[in-house]
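Colleague: I would like to learn how to read a model like this one. Could you take me through it feature by feature?

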Amino acid sequence: SPVKAAQRAGSRVKDAPVQMQKVSTAFIGEHGQERAKLDDIEFTVDGLHPGQPLDVRTTATLELAKMSRDHEMRQLLRAHSMVHQVMECLQSIVASDTGLVFP
């Protein structure tokens, strides 16, 4: 019967050895570092949004300026198409009534 044939085929698939791709620990480490940097960028960009208090936006702007000195951070911003988003957030700070005030 077709049901028994499908069950037999399923059991052969279960018994087949699983092929696992080997990944070097260096690759995992590099990917982890990149993910951590990207998390830092995303966290900072979240602080730039117009709904955030001015002091949070000011701190995020300063932190982003510090991050932008790092070549890898700038590459990540470009690679993940975040430059436009960052520029829009910065423009909203400049355009707001309170503006960006540094102590």
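Modeller: Happily! Let us begin with burial: a residue is called buried when its relative accessible area is under 20%, exposed when that area is over 50%, and partly exposed in between. Keep in mind that this is a predicted model.

Colleague: Thanks. Is V45 buried or exposed by that cut-off?

Modeller: V45 has a relative accessibility of 1%, so it counts as buried. You will find V45 in helix α2, which spans residues 25–46. Once neighbours within four places in sequence are set aside, V45 is in contact with M82, Q85 and V86. For a C-alpha to C-alpha distance, take V45 and L64: they are 7.7 Å apart in space and 19 residues apart in sequence.

Colleague: Let me step back to the whole chain. How many helices and strands does the protein chain have?

Modeller: There are five helices and zero strands. Reading from the N terminus, the order of elements is α-α-α-α-α. Of the 103 residues in the protein chain, 19% are buried.

Colleague: And what share of the contacts joins residues 24 or more positions apart?

Modeller: Taking contacts with a separation of 6 or more, 63% are between residues 24 or more positions apart.

Colleague: Next, helix packing. At what angle do the axes of α3 and α5 cross?

Modeller: The general idea is to compare the N-to-C directions of the two axes, on a scale from 0 to 180 degrees. Here, helix α3 (residues 54–67) and helix α5 (residues 83–95) cross at roughly 135 degrees, and their axes come within 11 Å. Over 145 degrees would count as roughly antiparallel, and 65 to 115 as roughly perpendicular. The crossing angle therefore makes α3 oblique to α5. As for handedness, the crossing of α3 and α5 is left-handed.

Colleague: Which residues of α3 and α5 meet?

Modeller: From α3 come R57, T61 and L64, and from α5 come V86, C89, L90, S92 and I93. Sorted by class, this contact has five nonpolar residues, two polar ones and one charged one. You have met two of these residues already: V86 is in contact with V45, and L64 was the partner in the C-alpha distance to V45.

Colleague: How do I read the faces of a single helix?

Modeller: Here is the general idea: an α-helix has 3.6 residues a turn, so residues three or four places apart point the same way. Now look at helix α4, residues 71–79, where M73, L76 and L77 are buried. Viewed down the axis of α4, the buried residues fall within an arc of 100 degrees, so they line one face of the helix. R78 and A79, on the other side of α4, are exposed.

Colleague: Where does E72 fit in?

Modeller: E72 is also in helix α4. With a relative accessible area of 42%, E72 is partly exposed. Its C-alpha atom is 8.8 Å from that of K37, and the two residues are 35 apart along the chain.

Colleague: What should I look at in the loop between α4 and α5?

Modeller: For a loop, I look at backbone angles, accessibility and contacts. S81 lies in this loop and has a positive phi of about 50 degrees although it is not a glycine. S81 counts as exposed, because its relative accessibility is 62%. H80 lies in the loop between α4 and α5 too, but H80 is partly exposed, with a relative accessible area of 38%.

Colleague: Which residues does H80 touch, not counting those up to four places away in sequence?

Modeller: H80 touches E34 and L38. The C-alpha atoms of H80 and L38 are separated by 8.8 Å, with their positions 42 residues apart along the chain taken as the separation.

Colleague: One more loop, then: where is S68?

Modeller: S68 is in the loop between α3 and α4. Its relative accessibility of 27% makes S68 partly exposed. S68 and I41 are 27 residues apart in sequence, while their C-alpha atoms are 9.7 Å apart in space.

How values were computed:
Residues numbered from 1 in each chain as written. Predicted model: local features only at pLDDT ≥ 70, side-chain atom pairs only at ≥ 80, totals over all residues. Heavy atoms only, no water. Helix = DSSP H or I, 4+ residues; strand = E, 2+ residues; numbered from the N terminus. Parallel < 35°, antiparallel > 145°, perpendicular 65-115°, else oblique. Left-handed = near helix turned anticlockwise from the far one by under 90°. Contact = heavy atoms within 4.5 Å. Nonpolar A, V, L, I, M, F, W, Y, C, P; charged D, E, K, R; others polar. Buried < 20%, exposed > 50% of the residue type's maximum accessible area, 1.4 Å probe, protein only. Arc of directions from axis to C-beta.
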